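Colleague: I would like to go through this model with you. Shall we begin with the interface and then turn to single residues?

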Amino acid sequence: MTETMVPTQASATAPQSPEVPAPQRRERVRFSLWDQIMRASDAGLAVWSIIMFVFLFLPIVVLIIFSFNDQKLNVQWTHFTFRWYTGTGKAMADGGKSIFHDPGIQHAFLTSLEVAVVSTILAVIIGTLGSFALERFEFRTKNIWDGLNYTKIVVAEVVAGVSSLLFFVQANTFLTKYVGFNLWGIFSPGFYTVLIAHVAWNIPFVVVIVRARLKGFDRAIEEAGQDLFARPATVFFRVTLPVIFPGIMAAALLSFTLSFDDFVTTFFVAGPQINTLPLQIWSMVRMGVTPEINAISTLMMAFSSIIVIVLEIKTHISADIA
Amino acid sequence: MLAFFLVPLILVLVYSFGYMGVYDQGIHLALHTDAKNGVYSVLSFHAYSQIFNGIYFKAFWHTALMVVGNTVGCLLLGYPMAYWISLKTGKRKTLFVLLLMLPFWTSFLIRTYSWMTILGDQGLLNTWLKDLGIIHHPIEIMYTLKAVTIGIVYDYLPFMVLPLFVSIEKIDRSLFEASKDLGAGKWTTFRRVTLPLSMPGIIAGCMLVAIPTTGEFVIPSILGGDKVVLWGWLIYQAFTSYRDWALGSALSNILMLVMLAIIAAYVKYVGTEEF
């Protein structure tokens with residue numbers, strides 16, 4: 001197949017520049033079957049990709065459309081309505097609630113936001129410090145930490161959730177029984193267990209992203225700062241931090257998303273005291289989802305799309321996430 | 001990190017050698033079992049002996065098939081897409097990459113649930129097919145392996161496409177031209193240049209898809225209606241419905257052990273450079 005000569009063709013990927021004369025058309029040689037398939041494949045590639053995008057977006061589009069559906073069950077389309085958003089229009093006679101009139105959902109949403117914001121801040125601080133340690137310094141246990149960092153990413157989430165549950169239960173009992181002081185009960189299932197689990201879960205992702213940014217860092221500019229008599233703190237805040245900042249932002253964004261949307265780990269460590277939005281959705285999926293959930297998802301998606309678009313325009317953050 | 005990660009995993013190991021029950025008050029190690037008081041013998045193989053059972057072998061086999069099928073499926077579906085996006089330039093490329101990431105910004109529970117609206121007996125798909133006169137009775141997709149497979153491939157596809165895209169994009173374009181100048185056709189260029197150079201992306205994508213699939217329980221639960229038995233679903237059931245933490249821990253251990261064995265084998269025979 002390698003020896004098969006194929007007349008060069010101008011293609012979309014490599015437009016021929018005008019200075020280069022078009023190569024003489026050689027005598028027709030045998031095309032490999034695969035080459036012919038690939039030749040026809042440019043259009044096929046586009047069609048395939050579009051089908052895949054449709055596949056990816058079909059449920060999301062259906063979700064959005066059904067948030068305007070005037071029926072309590074997400075089964076068949078009936079009429080267009082805003083009632084799941086506004087609570088007005090047709091009376092909510094079927095017992096449905098709109099997102100602005102349902103304290104349960106609002107409370108779950110705020111809890112999720114709270115957990116996501118706090119855990120992101122903590123994970124980004126710890127993860128950034130950790131990535132500095134792993135990238136800039138040599139120490140004896142470095143390999144172990146490095147390995148652990150990846151192991152965490154490599155373990156299936158259900159195992160992480162189960163093991164966190166056992167850990168919290170055991171730690172709480174141990175502290176209460178043998179130490180006599182249970183750290184204000186932070187290990188009994190509730191807000192703090194969810195928070196700790198999310199921080200622990202997000203740190204490895206922060207480390208991976210920030211470290212990648214630190215790897216491409218030109219240390220000469222830090223030295224230049226030192227040569228100009230900047231104190232180490234000044235060098236860090238005026239030189240190092242601005243350079244790695246896009247990486248930190250990307251890590252924070254990923255961490256926030258993972259935390260806000262996390263179901264599996266949260267499910268195991270939460271207990272009855274705390275209800276996050278994914279937990280709320282889970283219980284509603286089991287009981288029957290009303291378009292209320294579609295409505296809140298649509299709003300959240302619109303909101304996060306706007307944030308991402310603004311960030312993309314300002315900082316080209318997609319490069320760092322990818 | 002050591003405290004919040006390694007210790008929990010060791011605890012799973014300890015719990016797995018216990019007797020069945022719910023231990024939400026923690027355990028005390030002892031040589032005899034007294035489940036009522038949370039006293040816990042360290043060497044009971046009860047949980048493991050339960051697993052030596054046809055149902056569990058079958059679940060293991062199904063999970064393995066699902067993991068391999070999902071990974072290969074995502075790779076085959078995703079590679080052309082990643083390749084196509086990488087050929088785009090400028091704003092268009094950014095747009096498609098953002099579109100790829102957009103699904104991550106909706107709750108994955110909700111996206112999975114949304115498939116119920118599409119695939120159900122009275123769902124959109126069946127309604128359309130009926131209206132078009134193609135079928136007369138609804139096709140049964142919901143609560144079968146088909147629905148679970150669709151859901152899993154759907155949820156993991158972006159995790160495959162993103163790393164693929166990144167690694168294909170990194171390939172120096174002049175290598176394609178060089179290959180063409182040397183008389184290689186498109187297929188040969190793909191096979192000898194693009195494919196080998198995108199290997200890191202393929203490996204990263206496969207790991208990102210395969211590993212979480214092993215413990216997947218949400219999709220089998222929602223789209224499979226608790227009828228499709230996968231390993232992760234069994235762990236979830238052990239901790240919730242069966243109320244047998246020892247069994248759940250034992251199942252988790254087996255999962256972890258298998259994963260470690262596969263990764264160790266990979267590192268031994270392929271090396272660590274690709275990580």
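Modeller: This is a predicted model. Chain A and chain B bury about 7800 Å² between them, and carbon and sulfur atoms give 78% of that area.

Colleague: Which three residues supply more than any other three of the area that chain A buries against chain B?
Modeller: The contact takes 82 residues from chain A and 85 residues from chain B. Three residues of chain A together supply 8% of what that chain buries. They are Phe53(A), Leu56(A) and Leu166(A).

Colleague: How many salt bridges and how many residue pairs in polar contact are there between chain A and chain B?
Modeller: Polar contacts are counted with both residues at pLDDT 80 or more, and there are 4 such pairs. For salt bridges between chain A and chain B, the count is 0.

Colleague: Which helix gives the largest share of the side of chain A that touches chain B?
Modeller: By class, that side of chain A has 55 nonpolar, 20 polar and 7 charged residues. The largest share is 17 residues, and it comes from residues 41-66 of chain A. That is helix 2.

Colleague: Which residues are linked in a network of salt bridges?
Modeller: The structure holds 5 salt bridges over all chains. One joins Arg136(A) to Glu222(A), with the closest N and O atoms 3.3 Å apart. Another joins Glu222(A) to Arg219(A), also listed at 3.3 Å, N to O. The network is therefore Arg136(A), Arg219(A) and Glu222(A).

Colleague: How many residues apart in sequence are the parts that Arg136(A) and Glu222(A) tie together?
Modeller: Arg136(A) lies in helix 4 of chain A, whereas Glu222(A) lies in helix 8. The pair therefore ties together parts separated in sequence by 86 residues.

Colleague: Is Glu222(A) buried or exposed?
Modeller: Its partner Arg219(A) has a relative accessible area of 41%, so Arg219(A) is partly exposed. Glu222(A) has 6% relative accessibility. The cut-off for buried is under 20%. So Glu222(A) counts as buried.

Colleague: Which residue forms a salt bridge with Asp155(B)?
Modeller: The closest N and O atoms of the pair are 3.5 Å apart. The pair links helix 7 (residues 145-170) and helix 5 (residues 108-119) of chain B, 44 residues apart. Asp155(B) counts as buried at 5% relative accessibility, and its partner counts as buried at 4%. That partner is Arg111(B).

Colleague: Which residue caps the N-terminal end of helix 13 of chain B?
Modeller: Helix 13 covers residues 245-270 of chain B and reaches 37 Å from its first C-alpha to its last, close to the 38 Å expected. A side-chain oxygen of the capping residue lies 3.3 Å from the backbone nitrogen of Ala246(B). The cap is Asp244(B).

Colleague: Leaving aside neighbours within four places in sequence, which residues is Thr111(A) in contact with?
Modeller: Thr111(A) sits in helix 4 (residues 103-136) of chain A. It is buried, with a relative accessible area of 8%. Beyond those neighbours, Thr111(A) touches Ile274(A), Asn275(A) and Thr276(A).

Colleague: How far apart in space, C-alpha to C-alpha, are Gly216(A) and Ile244(A)?
Modeller: Gly216(A) lies in the loop between helix 7 (191-215) and helix 8 (220-227) of chain A. At 69% relative accessibility, Gly216(A) counts as exposed. Gly216(A) and Ile244(A) are 28 residues apart in sequence. Their C-alpha atoms are separated in space by 9.5 Å.

Methods
Residues numbered from 1 in each chain as written. Chains lettered and ligands numbered in written order. Predicted model: local features only at pLDDT ≥ 70, side-chain atom pairs only at ≥ 80, totals over all residues. Heavy atoms only, no water. Contact = heavy atoms within 4.5 Å. Buried area = accessible area lost by both parts, 1.4 Å probe. Salt bridge = Lys/Arg side-chain N within 4 Å of Asp/Glu carboxyl O. Polar contact = N/O pair within 3.5 Å; in protein donor to acceptor, adjacent residues only side chain to side chain. Helix = DSSP H or I, 4+ residues; strand = E, 2+ residues; numbered from the N terminus. Nonpolar A, V, L, I, M, F, W, Y, C, P; charged D, E, K, R; others polar. Expected span 1.5 Å × (residues − 1). Buried < 20%, exposed > 50% of the residue type's maximum accessible area, 1.4 Å probe, protein only.
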